[in-house]
Amino acid sequence: MSLTWFKKGTVYQIYPRSFNDSNGDGIGDLRGIIEKLDYLQSLNVDILWLSPIFSSPNDDNGYDISDYCNIMPEFGTMEDFDELLQKTHDRGMRLILDLVANHCSDEHRWFEEAKKSKDNSYRDYFHWRKPASDGGPPNNWKSFFGGSAWEYDSVSGEYYLHLFTKKQPDLNWENPKVREEIYNAMRFWLDKGVDGFRMDVIPLISKREGYPDAPNVGFRKIIEDIYANGPRLHEYLKEMTEKVVSRYDAFSLAEGVGINHNNAGLYINHDRKELDMLYHFDILECTIVNGKFEEASPFDLVNMKNIFKRWRDAVHEKGWLANAMGNHDFARMVSRFGNDKQYWSESAKMLFILQSTQNGTLNIYQGDEIGMTNIVLDSINEVKDIQSLNFYNENLETQRYSKELALEMINREGRDNARTPIQWNDEINGGFSIKEPWLKVNPNYHTINVEKQDKDPDSILNFYRNLLKVRKNHDVFVYGDVEELEFNDPSIYAYSKVFGKEKIMVILNFSSTNTKFSTSENINDAEVLINNYSSIEIFKDTISLKAYQGIILKL
Ligand code: GLC
Ligand code: CA
């Protein structure tokens, strides 16, 4: 197994729209990130990942790109980008961009040309099909964001495919010209010196021949069997790696939609020379049964242990994972897996102990380092996320849930939870902007904010900083082999990790009651490397843990 910078490095995901607004228009921007580079460096993170910053009409906040080689004016200019990249590198950090290659915007020139006529030279950049015999969409595919995945175009009388919103037409990767366009865009940024890409919904780029109807099964299964993992996918990934990524000191991080532990190796096993790492959805979706805004299941620790374990076993030594417990598409980590009320600080820290000691490249999502929580939006007018809005509007038609319940579901699972502006201080709008931000700031910014936590040695923020520093000095955190302890315990998560001569033991209490943990290891002389409380009681072979207490022992 090779030990490289992107395995040990910690990724910090920035959602630029919500990070920091430098010019007072209510929208975060690149200069806002530049202003905070010292802060980012102080976290001890190594790699910044920017959610899309390219020209976009923002139907899906930049995941609908209208020009791959330009900066969205709201975010700034190319000069701002060059400065950001330079200053990031000057601080010894790296920068990766978000490559959205499955689809572009309907306002991209390619699509504007393509829809002009059937014989336009860009027509074949997209997926066009004749209507079904009843005039309806060519098949039963549903968009990830609700409704049919096909949109009718009255000019040509044909439908085009959009697995996301109708303003995100899917690109036709069968067309070698499309592939070259995307590779050229990648080269453009790599030549500037960016250090890699996070690849948005990359498992979807190869479509199944004949666009077969989806069977009547859960949406997750449909994604795996019909939308993702298409017949030419691995050919494309190999080509992309061979022609582009492998020519640079850069890495690829795939968003693993539709990938399971059985087929993951096809993407990331080193010998296949496709992708460097991927993050799967099983942890992020562990309380989501079939898809967002469907039936939810309560958090179950043993289920989470099983997920981590089966992925570790599947990937072991052959490939590499990225490890994320939160991002811009899911509700806040501490609100989902911890206790964001009484044990807010304890549980946020404990969850970070878990995340930072699991295998794979650590991915932190902005705001989790101060324990940002879910927000309660009081009315649908405050909701900004297109996925949530589409769900709400569709539900108005079907009346499956009451309006109140629909809003409650949005508040529980919706993407806006993770997109509220970063809470920098307790001044107006949490110090994010002098103007009213594009999305409401969580009113708890008076108590939860960077400035306050910066001064407090016991804060979540300083806990993150310290843990990341310790992690840098111990390869066992990153590369160690895991041995599970008391695997079936529903409230304690414990394991040891070994790498060469280093051994650590991680013990986490996932409950709000005091508990005890016993081990056959000799822990009396162990060094307490990390503890989210000021003390820990160890007596002979038994450790007494308080609510949400987590420790890392060095044996
Ligand atoms: C990915 C992104 C999400 C976006 C979607 C379509 O899942 O993370 O934010 O809406 O792809 O590009
Ligand atoms: Ca701005």
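**A walk through a predicted protein model**

Asp106 counts as buried, since its relative accessibility is 14%, where buried stands for under 20% relative accessible area, exposed for over 50% and partly exposed for what lies in between, as found with a 1.4 Å probe on the protein chains only. The model is a predicted one, in which local features need pLDDT of at least 70 and side-chain atom pairs count only at pLDDT 80 or more, while totals for chains, interfaces and linings use all residues. Residues are numbered from 1 along each chain as its sequence is written, chains are lettered from A and ligands numbered from 1 in the order in which they are written, and side-chain values use heavy atoms, with hydrogens and water left out.

Asp106 sits in the loop that runs between β5 (94–99) and α5 (109–114); helices (H or I, at least four residues) and strands (E, at least two) are DSSP runs numbered from the N terminus. Apart from neighbours within four places in sequence, Asp106 has contacts with Phe111, Glu112, Lys115, Lys166, Lys167 and Pro169, a contact being heavy atoms within 4.5 Å. The C-alpha atom of Asp106 is also 7.4 Å from that of Ser66, although 40 residues separate the two along the chain.

Strand β5 itself holds Asp98, a residue that counts as buried because its relative accessibility is 0%. When residues up to four places away in sequence are not counted, Asp98 touches Trp49, Leu50, Ser51, Pro52, Phe54, Tyr63, Arg198 and Asp200. One of these partners, Pro52, is 46 residues from Asp98 along the chain, yet the C-alpha atoms of the two are separated by 5.2 Å.

From here the view can widen to the whole protein. The chain forms 18 helices and 21 strands, and its C-alpha atoms fill a box of roughly 80 × 50 × 50 Å along the principal axes. A compact globule of 555 residues would have a radius of gyration near 24 Å, and the protein, with 23 Å, agrees with this; the radius is taken over C-alpha atoms, and the globule rule is 2.2 Å times the number of residues to the power 0.38. Of the 555 residues, 61% are buried, and among contacts with a separation of 6 or more, 70% join residues 24 or more positions apart.

The surface and the charges complete this overview. About 21,300 Å² of the protein is exposed, with carbon and sulfur atoms supplying 47% of that area; accessible areas come from the Shrake-Rupley method with a 1.4 Å probe, and for residues only the protein chains shown count as cover. There are 64 positive and 86 negative side chains, and the centres of the two sets lie 2 Å apart, where Lys and Arg count as positive, Asp and Glu as negative, and His and the chain ends are not counted. The place of a charge is taken as NZ of Lys, CZ of Arg, CG of Asp or CD of Glu.

A calcium ion (ligand 2) is held by Asp21 (OD), Asn23 (OD1), Asp25 (OD), Ile27 (O) and Asp29 (OD) as protein donors, at 2.2 to 2.3 Å. Donors are N, O and S atoms within 2.8 Å of the metal (3.2 Å for Na, K and Ca), and sites may look incomplete because water is not among the atoms. Along the sequence these donor residues follow the spacing D-x1-N-x1-D-x1-I-x1-D, and Asp21 is buried, having a relative accessible area of 7%.

Further along the chain, Asn229 belongs to the loop between α7 (219–227) and α8 (233–243) and, although not a glycine, has a positive phi of about 60°. Asn429, in the loop between α15 (416–419) and α16 (450–455), likewise has a positive phi, near 50°, without being a glycine. Asn229 is buried at a relative accessible area of 19%, and Asn429 is buried at 14% relative accessibility.

Thr357, finally, is part of helix α12 (residues 344–357) and is buried, with a relative accessible area of 0%. Leaving out neighbours within four places in sequence, its contacts are Phe477, Tyr495, Lys497, Ile504, Val506 and Ile552.
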